[in-house]
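Student: Could you walk me through the charged pairs in this protein? I would like to learn how each label is earned.

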Amino acid sequence: MIVVFGGTGRVGRQIVEQLRQEGKAVRVVTRDPTSARMVQGVEVVAGDVHDRRTLIRAAVGAQAIVCTVQGGDGKGKNGPKGIEGAGIPSLIGVARDTGIENFVYVSSASARADSPVEFFRLKFEVERALRTSGLPYSILRPTHLMDTWVELLAESINKKGKATIFGSGAAPVSWVAGRDVARVAAALAVRPGEDWSADLGGPEALTLRQVNELIADSLGLQITGENRMPVGMLQVMSPLTRPFNEVLARRMQMGALLDTQPQIVDSGAVWARFGEPLSLPAWLEINRSGSGAAAA
């Protein structure tokens, strides 16, 4: 049995689907099982990383735990301090106490002790806690997800014909497909933990301007202007926005990182082991059906 926390999310759902395609027994833990739409054969149970008793029940009989839960889009107890700062460390403790053979954690390539973004500092602390827990573990550190960014950028292109540019738009990024992150996570979850960690980036480094152009081409549209948010503006507006909208303030901080921290990783060894990743043009072609380019 493989237990997936965050199995209703963007990457988590793809991990669950991959595991089921391979015939693995999967249990998804979610706060609201009635709203979870899972592929056939998946066990869905109620659980919350803030409630240790539900974590213990969810982990019964598990071989591995996959954790994609994250507080980047939440606030209060469901924000970074509540999820990365308290909830996931509690889950790690339960996994250790119940003898889990592999704890697969989906972190971020931006997780650093000195990150200006609290979310990424706390993710780094989760990694540190897992490495020192005594648990066998696998840590995946993906860069920016194509799935998330295409959806964000395509909306403005679709509605206004405008590219959305954070910072200069000229810094290259190793964008990675959620499908490829899920593929690696699923492959690792079915084997004992190797105390393994790796950054996951796609096969090409593209600037934000290039990504906007590829999305527009996929939609058969032309970009006629830009919505630009320079780094200086993002850095000034983030603390001013935080009292009113902490999620938006956090996204501004993350947007500034595109220019202020390196966003290219070399994941050649990972893909040599697990198979070649999708390029952005290939991802756009696969996801062309549905609502424009962003049918992820």
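Student: How many salt bridges does a search of the whole structure find?

Tutor: The search finds 18 salt bridges, and please keep in mind that this is a predicted model.

Student: Why is the pair R27 and E43 called a salt bridge?

Tutor: The closest N and O atoms of R27 and E43 are 3.1 Å apart. The cut-off is within 4 Å, so the pair counts as a salt bridge. R27 sits in strand β2 and E43 in strand β3, 16 residues apart.

Student: What makes R27 buried?

Tutor: R27 has a relative accessible area of 11%. Buried means under 20%, so R27 earns that label. E43 has 33%, between the 20% and 50% limits, and is therefore partly exposed.

Student: How do you know that R52 and D97 form a salt bridge?

Tutor: Their closest N and O atoms are 2.9 Å apart, and since 2.9 Å is within 4 Å, the label fits. R52 lies in helix α2 and D97 in helix α3, so this pair ties together parts 45 residues apart in sequence.

Student: Why is D97 called exposed?

Tutor: D97 has a relative accessible area of 51%. Exposed means over 50%, so D97 qualifies.

Student: What separates R250 and E246 in helix α9?

Tutor: About one helical turn, because R250 and E246 are four residues apart in that helix. Their side chains meet in a salt bridge at 3.0 Å, N to O. R250 is buried, because its relative accessible area of 7% is under 20%.

Student: Which residues are linked in a network of salt bridges?

Tutor: E127, R131, R141 and D199 are linked that way.

Terms used
Residues numbered from 1 in each chain as written. Predicted model: local features only at pLDDT ≥ 70, side-chain atom pairs only at ≥ 80, totals over all residues. Heavy atoms only, no water. Helix = DSSP H or I, 4+ residues; strand = E, 2+ residues; numbered from the N terminus. Buried < 20%, exposed > 50% of the residue type's maximum accessible area, 1.4 Å probe, protein only.
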